[in-house]
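Biologist: Could you take me through one part of this model up close? I'd like the side-chain contacts spelled out, with the numbers behind them.

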Amino acid sequence: MRLEEEEQPETMSQCSVGGLQQQQKVVVVGYALTSKKTKSFLQPKFEGLARNKGILFVAIDQNRPLSDQGPFDIVLHKLTGKEWRQILEDYRQTHPEVTVLDPPDAIQRLRNRQSMLQCVADMNLSNSYGKVGVPRQLVIKKDASSIPDAVNKAGLILPLVAKPLVADGSAKSHELSLAYDQYSLQKLEPPLVLQEFVNHGGVLFKVYIVGEAIKVVRRFSLPDVTKRELSKIKGVFRFPRVSCAAASADDADLDPSVAELPPRPLLERLAKELRRRLGLRLFNLDIIREHGTRDHFYVIDINYFPGYGKMPGYEHIFTDFLLSLVQSHTRNDRARNFLKA
Ligand SMILES: Nc1ncnc2c1ncn2[C@@H]1O[C@H](COP(=O)(O)OP(=O)(O)OP(=O)(O)O)[C@@H](O)[C@H]1O
Ligand SMILES: O=P(O)(O)O[C@H]1[C@H](OP(=O)(O)O)[C@@H](OP(=O)(O)O)[C@@H](O)[C@@H](O)[C@@H]1OP(=O)(O)O
Ligand SMILES: [Mg+2]
Ligand SMILES: [Mg+2]
């Protein structure tokens with residue numbers, strides 16, 4: 001839906017509480033998302049629930065100044081491009097009353113697979129519930145012929161997952177390969193990240209974060225690589241986006257030691273730290289448990305504004321989150337006015 005100036009949203013709606021008609025402020029959420037994302041995120045059930053809670057979604061027209069649209073209470077976005085980032089950054093400066101989710105600069109960190117995991121490495125999270133790290137990895141900027149030597153020097157252990165360095169959401173950025181021997185690595189195309197493959201029993205956990213809320217689901221992942229396979233197989237093999245499939249591993253008949261979700265307190269700590277360090281409120285992370293251990297976890301991927309449409313209960317979680325943002329904004333405004341008075 002696009003709002004023209006002459007048809008500004010009615011920012012008050014009628015709602016009936018206990019038979020009494022009350023005026024409720026409408027929360028206007030502008031969104032700048034790809035059509036694919038709009039389809040998976042703005043599902044009719046979600047938009048309907050939002051409307052009942054007084055939330056209205058309005059498509060942003062990228063060809064018109066943002067200040068001429070809305071007015072918005074919240075802006076949701078996941079579009080690429082330097083120009084667009086600048087537009088958002090300027091809008092944030094000139095419209096402090098609008099919550100822009102999330103700051104474009106903070107999102108940039110997730111668009112590079114090296115900087116993406118740095119926060120997790122820096123955190124060094126280890127407590128009585130477990131240990132969370134990142135697989136050892138090496139960045140290759142150019143010159144594929146130097147890879148075998150670089151891998152050797154860095155002491156990385158095969159097999160390795162080769163991932164494009166840039167994670168910009170393009171199909172190419174999701175083209176990953178598994179390399180079984182050092183010499184075949186020369187066939188790869190830098191810039192890329194070479195990451196140690198960690199056996200994890202073929203199941204990964206997707207941890208969705210929406211502000212303070214956390215939701216974890218199981219997904220199928222790559223199967224373990226045995227020592228025997230490693231000694232026999234040579235080459236690099238492209239693999240499909242196994243974990244992105246909507247098919248959840250939640251109901252599958254799995255080995256309980258593999259399927260057991262990571263401890264909740266550990267994930268809460270991790271999510272809280274990541275929110276703070278990344279400065280983001282909308283993201284998910286892929287986390288795996290090293291096979292044969294109970295509490296050694298590795299974060300292998302972090303995604304900005306992921307496929308929330310696949311998160312169970314996202315309709316309620318997301319709408320509550322949007323409402324909470326406006327409430328805290330109003331509280332802050334009141335506090336500021338009080339201090340000024
Ligand atoms: N270090 C690793 N050890 C074991 N398996 C891995 C590792 N890295 C990636 N994988 C497997 O490869 C899949 C894809 O990797 P990754 O999540 O990094 O790619 P992506 O393209 O960013 O995925 P997404 O669609 O979640 O954005 C993972 O879901 C997991 O199954
Ligand atoms: O396609 P879906 O809606 O499922 O969302 C996927 C999302 O694609 P989209 O942003 O184009 O929608 C991906 O973003 P890009 O890396 O490609 O930017 C990435 O975040 C995946 O991890 C998401 O799947 P999930 O991990 O949540 O299952
Ligand atoms: Mg992933
Ligand atoms: Mg990813």
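Which residues do ring pairs link into a cluster?

Modeller: Sure, and keep in mind that this is a predicted model. The cluster is made of Phe 41, Phe 46, Phe 57, Tyr 208, Tyr 304, Phe 305, Tyr 308, Tyr 314, Phe 318 and Phe 321, joined up by ring pairs. The structure as a whole holds 15 aromatic pairs. Let me pick out two from the cluster.

Start with Phe 46 and Phe 57. Their ring centres sit 5.4 Å apart and the planes make an angle of 40°; tilted is the label for planes that are neither under 30 degrees apart nor over 60, so this pair counts as tilted. The two rings come from distant parts of the chain: Phe 46 belongs to helix α2 (residues 44–52), Phe 57 to strand β4 (residues 55–59), and 11 residues separate them. Phe 46 and Phe 57 are both buried.

Now go to Phe 318 and Phe 321. This aromatic pair is edge-to-face, with 5.9 Å from centre to centre and 85° between the planes. Here the partners share an element: both are in helix α10 (residues 314–340), three residues apart, or about one turn of the helix. Phe 318 and Phe 321 are buried as well.

For context on Phe 46 and Phe 57, there's a record to bring in. An unreviewed UniProt entry lists residues 28–107 as "domain: Inositol-tetrakisphosphate 1-kinase N-terminal". In the model that span is 41% helix and 21% strand, and its end C-alpha atoms are 23 Å apart.

Next, the metal site. The magnesium ion (ligand 4) is coordinated by Asp 301, through two OD contacts, and by Asn 303 through OD1, at 2.1 to 2.7 Å. Asp 301 also bridges ligand 4 to another magnesium ion (ligand 3), and those two ions lie 3.9 Å apart. With a relative accessible area of 12%, Asp 301 is buried.

You asked for side-chain contacts, so charges deserve a turn too. Side chains of opposite charge can pair when their charged atoms come close. The structure holds 15 salt bridges, and a few are worth zooming in on.

Arg 136 and Glu 196 meet in one of them, at 2.9 Å from N to O. Arg 136 is in the loop between β8 (130–133) and β9 (137–140), while Glu 196 is in strand β12 (residues 192–196), so the contact ties together parts 60 residues apart in sequence. The partners differ in how they're covered: Arg 136 is partly exposed at 41% relative accessible area, whereas Glu 196 is buried at 15%.

Glu 273 and Arg 277 make a local counterpart, both in helix α9 (residues 264–278), four residues apart, about one turn of the helix. Their closest N and O atoms are 2.8 Å apart. Glu 273 is buried, with a relative accessible area of 14%, and Arg 277 is partly exposed, with 30%.

Last up, Glu 175 and Lys 172 form a salt bridge at 3.7 Å, N to O; that still passes the 4 Å cut-off. Glu 175 is partly exposed at 31% relative accessibility, and Lys 172 is exposed at 53%. Those two don't stand alone: Lys 172, Glu 175 and Arg 238 are linked in a network of salt bridges.

Notes. Residues numbered from 1 in each chain as written. Chains lettered and ligands numbered in written order. Predicted model: local features only at pLDDT ≥ 70, side-chain atom pairs only at ≥ 80, totals over all residues. Heavy atoms only, no water. Phe/Tyr/Trp six-rings, centres within 6.5 Å; stacked < 30°, edge-to-face > 60°. Helix = DSSP H or I, 4+ residues; strand = E, 2+ residues; numbered from the N terminus. Buried < 20%, exposed > 50% of the residue type's maximum accessible area, 1.4 Å probe, protein only. Salt bridge = Lys/Arg side-chain N within 4 Å of Asp/Glu carboxyl O. UniProt positions renumbered as here; feature names shortened; annotations may be inferred. Donors = N, O, S within 2.8 Å, 3.2 Å for Na, K, Ca; no water.
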